[in-house]
Amino acid sequence: MPKFADLHVHTYLSDGTFSPEKVMEYAKVAGLYAIAITDHDCVDGIAPAMEIAAKLGMEVVPGVELTAEIGDSEIHILGYFVDWQDKIFSKQLNDISEVRKERAKKILEKLRKHAVDLSEDELFQLSGPGSVGRLHIANLLYKKGFISSVSEAFRKYIGNKGCCYVSKFKLTPEDAIAMIKRVGGIPVLAHPKTVYAEDRSREDMIKELVKDGMSGIEVYHSDHKPKDVEEFKGLAEKYNLLMTGGSDCHGFGKRQILIGKVKIPYELVEKMKASIA
Ligand code: AMP
Ligand code: ZN
Ligand code: FE
Ligand code: FE
């Protein structure tokens, strides 16, 4: 039987809505064998996912998703097979999560200036343990009736060009890549379709990231159309990058359950393993 993987899944330890256990149960039903838990700036979902995976006869790829800034745009970098138990790594992620908390408070302050009053306590209750992010704020805005869709929240208030935008922990792509490599991980450019700069082509930006040490690219993603997949496959071949893929499921955080929407052959996971062996 061929085995399949979904290498981009969030849990409630960041802005997904499912527990790690629930993620694995959904993955099993979706016919997946391997799941990468890739929470934003947090690795606390990995151990509980591994525990249930052992019972279900599945595999968990330990992962994380970091944000890096290029000028005034941001890119996301996935780290696979990171040593998630490394003490310094945990401390680094903790520091980033602390900045996220302060940033969330600043976003709420800005929203108040736009006559949108959200309670800090309610936000932190909603986000729970792990890292807080804009998707939590978007969902609270929705719950309180300030907007009628999550995308409206980003457009109107908290998107990178929105009136209440606040930037995160400042990491350059080199910093993020180094952080992942220090713990033996594979740095992979997440959802490359979102890579954008006014003054440079996407390929030029990717070329630069490869120079910085990026080793892979997320060719398959829920937001990719067949022509996108072709484009990124081409770039993967041209720059000798590992090809990965995942749904970027956030549970109900983005309304639709995406887990299993992207299923990549397990051979791609084997290639990743071979690259670190
Ligand atoms: P943060 O890490 O707090 O900056 O938030 C990033 C999260 O917000 C990720 O899960 C993104 O997928 C999500 N996000 C960013 N822009 C949008 C958008 N326009 N619509 C919906 N979700 C978005
Ligand atoms: Zn997210
Ligand atoms: Fe992302
Ligand atoms: Fe993600």
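The following questions and answers concern metal sites, helix packing and selected residues in a predicted model.

Trainee: Which protein atoms are the donors of the zinc ion (ligand 2)?
Mentor: The donors lie 2.0 to 2.5 Å from the zinc ion (ligand 2). Along the sequence the donor residues are spaced D-x24-H-x209-H. The atoms are Asp 15 (OD), Asp 15 (OD), His 40 (NE2) and His 250 (NE2).

Trainee: How many residues apart in sequence are the parts that Asp 15 and His 40 tie together?
Mentor: Both residues are donors of the zinc ion (ligand 2). Asp 15 sits in the loop between strand 1 (4–9) and helix 1 (20–29), and His 40 in the loop between strand 2 (34–37) and helix 2 (46–56). The pair therefore ties together parts whose separation in sequence is 25 residues.

Trainee: Is Asp 15 buried or exposed?
Mentor: A residue counts as buried under 20% relative accessible area and as exposed over 50%. Asp 15 shares its class with His 40. That class is buried.

Trainee: Which residues coordinate the iron ion (ligand 3)?
Mentor: The coordinating atoms are at 2.1 to 2.2 Å from the iron ion (ligand 3). The donors follow the spacing E-x10-H-x114-H along the chain. They are Glu 65 (OE), His 76 (ND1) and His 191 (NE2).

Trainee: Where do Glu 65 and His 76 lie, and how many residues apart in sequence are the parts they tie together?
Mentor: Glu 65 and His 76 both coordinate the iron ion (ligand 3). Glu 65 belongs to strand 3 (residues 59–70) and His 76 to strand 4 (residues 73–80), so the parts tied together by this pair are separated in sequence by 11 residues.

Trainee: Why does Glu 65 count as buried?
Mentor: The cut-off for buried is under 20% relative accessible area. His 76, another donor of the iron ion (ligand 3), counts as buried at 14%. Glu 65 counts as buried because its relative accessibility is 1%.

Trainee: What separates the zinc ion (ligand 2) from the iron ion (ligand 3)?
Mentor: The zinc ion (ligand 2) has His 250 among its donor residues, while the iron ion (ligand 3) has His 191 among its own. The separation of the two ions is 5.6 Å.

Trainee: What is the phi of His 191?
Mentor: His 191 lies in the loop between strand 5 (186–189) and helix 8 (202–212). His 191 is buried, with a relative accessible area of 10%. Although His 191 is not a glycine, its phi is positive, at about 20°.

Trainee: Where is Phe 81 found, and what is its phi?
Mentor: Phe 81 is in the loop between strand 4 and helix 3. Its relative accessible area is 17%, so Phe 81 is buried. Phe 81 is not a glycine, yet has a positive phi of about 60°.

Trainee: At what angle do helix 3 and helix 4 pack?
Mentor: Helix 3 (residues 87–113) and helix 4 (residues 120–127) have their axes 11 Å apart, and the angle is about 135°. That makes helix 3 oblique to helix 4. The crossing is right-handed, and its angle, again, is about 135°.

Trainee: Which residues of helix 4 meet helix 3?
Mentor: From helix 3 come Lys 101, Ala 104, Lys 105 and Leu 108. By class, the contact has four nonpolar, no polar and three charged residues. The helix 4 residues are Glu 120, Leu 123 and Phe 124.

Trainee: Which residues of helix 5 make the contact with helix 3?
Mentor: The axes of helix 3 and helix 5 (residues 134–143) come within 10 Å and cross at roughly 35°. Helix 3 contributes Arg 103, Ala 104, Ile 107, Leu 108 and Leu 111. The contact residues divide into six nonpolar, no polar and two charged. Those of helix 5 are Arg 134, Ile 137 and Leu 141.

Trainee: What distance separates the C-alpha atoms of Ile 259 and Val 9?
Mentor: Ile 259 is in the loop between strand 7 (242–246) and strand 8 (264–265), and counts as buried at 10% relative accessibility. Residues touched by Ile 259 include Val 9, Val 23, Tyr 26 and Cys 249. Ile 259 and Val 9 are 250 residues apart along the chain, but their C-alpha separation is 7.2 Å.

How values were computed:
Residues are numbered from 1 along each chain as its sequence is written. Chains are lettered from A and ligands numbered from 1 in the order in which they are written. This is a predicted model: local features need pLDDT of at least 70, side-chain atom pairs count only at pLDDT 80 or more; totals for chains, interfaces and linings use all residues. Side-chain values use heavy atoms; hydrogens and water are left out. Axes are lines fitted to C-alpha atoms, for helices over the stretch in contact, and angles run from 0 to 180 degrees between N-to-C directions. Helices (H or I, at least four residues) and strands (E, at least two) are DSSP runs, numbered from the N terminus. Angles under 35 degrees count as roughly parallel, over 145 as roughly antiparallel, 65 to 115 as roughly perpendicular and the rest as oblique. A crossing is left-handed if the near helix is turned anticlockwise from the far one by less than a right angle, and right-handed if clockwise. Contact means heavy atoms within 4.5 Å. Ala, Val, Leu, Ile, Met, Phe, Trp, Tyr, Cys and Pro count as nonpolar, Asp, Glu, Lys and Arg as charged, and the others, Gly among them, as polar. Donors are N, O and S atoms within 2.8 Å of the metal (3.2 Å for Na, K and Ca); water is not among the atoms, so sites may look incomplete. Buried means under 20% relative accessible area, exposed over 50%, partly exposed in between (1.4 Å probe, protein chains only). Lists of a residue's contacts leave out its neighbours within four places in sequence.
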